[in-house]
Structures are given as C-alpha cells and as structure tokens.
Amino acid sequence: MKYKKIQTEQQWLNEGIAKYGAWIPNWRFKCPCCGRINTADEFDKVGLDVEDASQFCIGNFKKKTGCNYATMRTISRHNEGCRLIRFDDGRCLAVFDFAD
Ligand SMILES: [Zn+2]
C-alpha cells in the first residue's frame, strides 16, 4: 500500500499547526475517496471529536454530504491518498491528507 507521506506524530502536528494554527477545529482534511474537504469544525458541531475529521468523511455522520469512507475501517486503494502517522509507541494510523 502506498501512502502519500509517512510522518511521525510530531511532524504531522507541526505541519498542521504551520498550515492552520494550533486551534484544531480550523484544520481541514481532504477525503481521498470523494474529494470533499472536511473541516474539523464540522465534526465539532455534530458532537464528534475534532480528530475524527482526519479519519472519517463527514458522510459517515451526515446524510447526503460527502461519502462514508473511513481510514480505520477499511484496507482500501483510497488509502493511497492518505498519510501514515507513526506514533512513538509504534502504533500507526492512516489519516487523510491536509486540504491544501
Ligand atoms: Zn468522502
């Protein structure tokens, strides 16, 4: 499986902060399946964790918006548009690419 980028958690956080600032609800992620730009703020508004915006398309939670793609749930060709984040404890997590 090919990821767009492989980063440590700190590298990923640093890049997000450089793009959007430290306030996570301002962060934006591009769904690799439908191409929709999902904002962390949208997830906050429907009562979800802002971090979920990096792993789920909003369509999982809102009807007729985006799609139901999720990185954690599927091994899929669409993960090619994702990044792989490596945590210090060895865990890995596929996340959507930043929106821009
Ligand atoms: Zn989508």
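Q: What makes β4 and β5 a pair, and do they run parallel or antiparallel?
A: In this predicted model, 5 bridges join β4 to strand β5 (residues 92–98), and the two run antiparallel. A pair needs at least two bridges, so β4 and β5 qualify with their 5. One bridge to look for is L84 with its partner A94 in β5.

Q: What lies between β4 and β5 in their hairpin?
A: There are 5 residues between the two strands. In that turn, G90 has a positive phi of about 95°.

Q: Which way does β1 run relative to β4, parallel or antiparallel?
A: Strand β1 (residues 5–8) runs parallel to β4, and 4 bridges join them. With at least two bridges required for a pair, β1 and β4 therefore count as paired. Here L84 turns up again, as the bridge partner of I6.

Q: Why is β4 called largely enclosed?
A: Because 4 of its 5 residues are buried, β4 is largely enclosed by the rest of the structure. Buried here means under 20% relative accessible area.

Q: How do you know which residues hold the zinc ion?
A: A donor has to be an N, O or S atom within 2.8 Å of the metal. The SG atoms of C31, C34, C57 and C67 lie 2.2 to 2.3 Å from the zinc ion, so they count as its protein donors. Along the chain these donors follow the spacing C-x2-C-x22-C-x9-C.

Q: What parts of the chain does the pair C31 and C57 link?
A: C31 sits in the loop between β2 (28–30) and β3 (37–39), while C57 is in the loop between α2 (40–45) and β4 (82–86). The two are 26 residues apart, and the pair links distant parts of the chain.

Q: Why is the zinc site called tetrahedral?
A: The angles among its 4 donor atoms are 106 to 113°. Four donors count as tetrahedral if all angles lie between 85 and 135 degrees, so this site earns the name. For reference, the ideal angle for four tetrahedral donors is 109.5 degrees.

Q: How do you know whether C31 and C57 are buried or exposed?
A: The cut-off for buried is under 20% relative accessible area. C31 comes in at 1% and so is buried, and C57 is buried too, at 0%.

Q: What about Q55 and K64, buried or exposed?
A: Q55 lies in the loop between α2 and β4, and K64 is in the loop between α2 and β4 as well. With a relative accessible area of 9%, Q55 falls under the 20% limit and is therefore buried. K64 has 88% relative accessibility, over the 50% limit, so it counts as exposed.

Q: Which residues are in contact with Q55, beyond its neighbours within four places in sequence?
A: They are Y69, A70, T71, M72, L93, A94, V95 and F96. A94 you have met already, as the bridge partner of L84.

Q: What is notable about the phi of K64?
A: Phi of K64 is near 60°, a positive value in a residue other than glycine.

Q: Why is the protein called as compact as a globular protein of its length?
A: It has 2 helices and 5 strands, in the pattern β-α-β-β-α-β-β. Its radius of gyration is 13 Å, close to the 13 Å that the globule rule gives for 100 residues, so the description fits. Of those 100 residues, 39% count as buried.

Note on methods: Residues are numbered from 1 along each chain as its sequence is written. This is a predicted model: local features need pLDDT of at least 70, side-chain atom pairs count only at pLDDT 80 or more; totals for chains, interfaces and linings use all residues. Side-chain values use heavy atoms; hydrogens and water are left out. Donors are N, O and S atoms within 2.8 Å of the metal (3.2 Å for Na, K and Ca); water is not among the atoms, so sites may look incomplete. Four donors count as tetrahedral if all angles lie between 85 and 135 degrees; four count as square planar and six as octahedral if opposite donors are over 155 degrees apart and all others between 65 and 115; anything else is irregular. Buried means under 20% relative accessible area, exposed over 50%, partly exposed in between (1.4 Å probe, protein chains only). The radius of gyration is taken over C-alpha atoms; the globule rule is 2.2 Å times the number of residues to the power 0.38. Contact means heavy atoms within 4.5 Å.
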